[in-house]
Amino acid sequence: TNGRSCAKFSGDNPNTTPDAHNLYMYLDEFVRFGCSYASIETSSEAFFRGRLQAMQFDISAYTNVTSEHLNIHGSFENYVECKCDLFRQIKEDGYAILNVDDKNYEKVRSCCNCNILTYGTKDNSNLQIVEFTEEVDYTLIKVRHLEKDYSIKSPLLGEFNVYNLCASIL
């Protein structure tokens, strides 16, 4: 969470999403080392503090909103609104990957002006979580995509990891 890396280097960051000056400096560093793509964890605090105002994103994923960070946002509604900023900044030809099972799905979806891909347990999800079973040291997940079923064995435990993995698959 608090770092940056590519095939040729790695470094630490003082916070999840650095300020705009450092973020652009890091992205420039990636380009100079031959990287073509970057994956960024965008914190709600970074949006709240304007660190990502000028950024446009090709793809963004939404898993859920919990009641953390209310000390920064003041209310749950403000927190959700801040999370929506990410989806307002996706390019029109970009993609939003959304969890249809999250109670804030409709609110987040309404902020999108781009292509939308969904995942979750609902039948109409682009990637449907059919079932999952946790064992002692792995999770078995059955998903459905385009009417075909796939089995996944993950070393990650916990329902939240099932959702995170499905977001990354899309």
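**Exercise 1. Overall form of the chain**

What percentage of the 170 residues of the protein chain count as buried? Work out, too, how the radius of gyration of the protein chain stands against that of a compact globule.

*Solution.* The coordinates belong to a predicted model, and every value below is computed from it. Step one is burial: 39% of the 170 residues of the protein chain count as buried. Step two is the radius of gyration, where a compact globule with 170 residues would have a value near 15 Å, and the protein chain has 17 Å, which agrees. Step three adds the extent, since the C-alpha atoms fill a box of roughly 45 × 40 × 35 Å when taken along the principal axes. Step four turns to the surface, which comes to about 10,300 Å² of accessible area, with 47% of that belonging to carbon and sulfur atoms.

**Exercise 2. Order of the elements**

State how many helices and strands the protein chain has, and give their order from the N terminus on.

*Solution.* The count comes to six helices and eight strands. Read from the N terminus on, the elements run β-β-α-α-β-α-α-β-α-β-β-β-β-α. Contacts across the sequence complete the picture: among those with a separation of 6 or more, 43% are accounted for by residues 24 or more positions apart.

**Exercise 3. The aromatic pairs**

Find the aromatic pairs, classify their geometry, and say which elements each of them ties together.

*Solution.* The structure holds two aromatic pairs. In one of them, Tyr62 and Phe87 have centres 6.1 Å apart and planes at 85°; planes over 60 degrees apart count as edge-to-face, and the pair is accordingly edge-to-face. Tyr62 lies in strand 3 (residues 57–62) and Phe87 in helix 4 (residues 76–88), so this pair ties together parts that are 25 residues apart in sequence. Tyr62 is buried, at a relative accessible area of 3%, and Phe87 is buried as well, at 2%.

The other pair joins Tyr119 and Tyr163, whose ring centres are 6.3 Å apart and whose planes stand at 55°, so the pair is tilted. Because Tyr119 lies in strand 5 (residues 115–120) and Tyr163 in helix 6 (residues 159–169), the parts tied together are 44 residues apart in sequence. Both rings belong to buried residues, with a relative accessible area of 0% for Tyr119 and 13% for Tyr163.

A further ring takes part in an arrangement of another kind: Lys153 lies over the face of Tyr138, at 4.4 Å from the ring centre.

**Exercise 4. The cysteines**

How many disulfides does the structure hold? Explain the result for Cys82 and Cys84 from the sulfur distances.

*Solution.* The structure holds zero disulfides. For Cys82, the nearest cysteine sulfur is that of Cys84, 9.3 Å away, whereas a disulfide requires sulfur atoms within 2.5 Å. For Cys84, the closest cysteine sulfur is in Cys111, at 3.1 Å, which is too far for a bond. Burial may be read off at the end: Cys82 counts as buried at 7% relative accessibility, and Cys84 does so at 0%.

**Exercise 5. A loop residue**

Where does Leu156 lie, and which residues is it in contact with, leaving aside its neighbours within four places in sequence?

*Solution.* Leu156 lies in the loop between strand 8 (148–154) and helix 6. Its relative accessible area of 44% makes Leu156 partly exposed. With those sequence neighbours set aside, Leu156 is in contact with Thr139 and Asn161. Thr139 and Leu156 are 17 residues apart in sequence, while their C-alpha atoms are 6.4 Å apart in space.

Notes:
Residues are numbered from 1 along each chain as its sequence is written. This is a predicted model: local features need pLDDT of at least 70, side-chain atom pairs count only at pLDDT 80 or more; totals for chains, interfaces and linings use all residues. Side-chain values use heavy atoms; hydrogens and water are left out. Rings of Phe, Tyr and Trp (its six-membered ring) pair if their centres lie within 6.5 Å; planes under 30 degrees apart count as stacked, over 60 as edge-to-face and the rest as tilted. Helices (H or I, at least four residues) and strands (E, at least two) are DSSP runs, numbered from the N terminus. Buried means under 20% relative accessible area, exposed over 50%, partly exposed in between (1.4 Å probe, protein chains only). A charge sits over a ring if NZ of Lys or CZ of Arg is within 6 Å of the ring centre and within 35 degrees of the ring normal. The radius of gyration is taken over C-alpha atoms; the globule rule is 2.2 Å times the number of residues to the power 0.38. Contact means heavy atoms within 4.5 Å. Accessible areas come from the Shrake-Rupley method with a 1.4 Å probe; for residues, only the protein chains shown count as cover.
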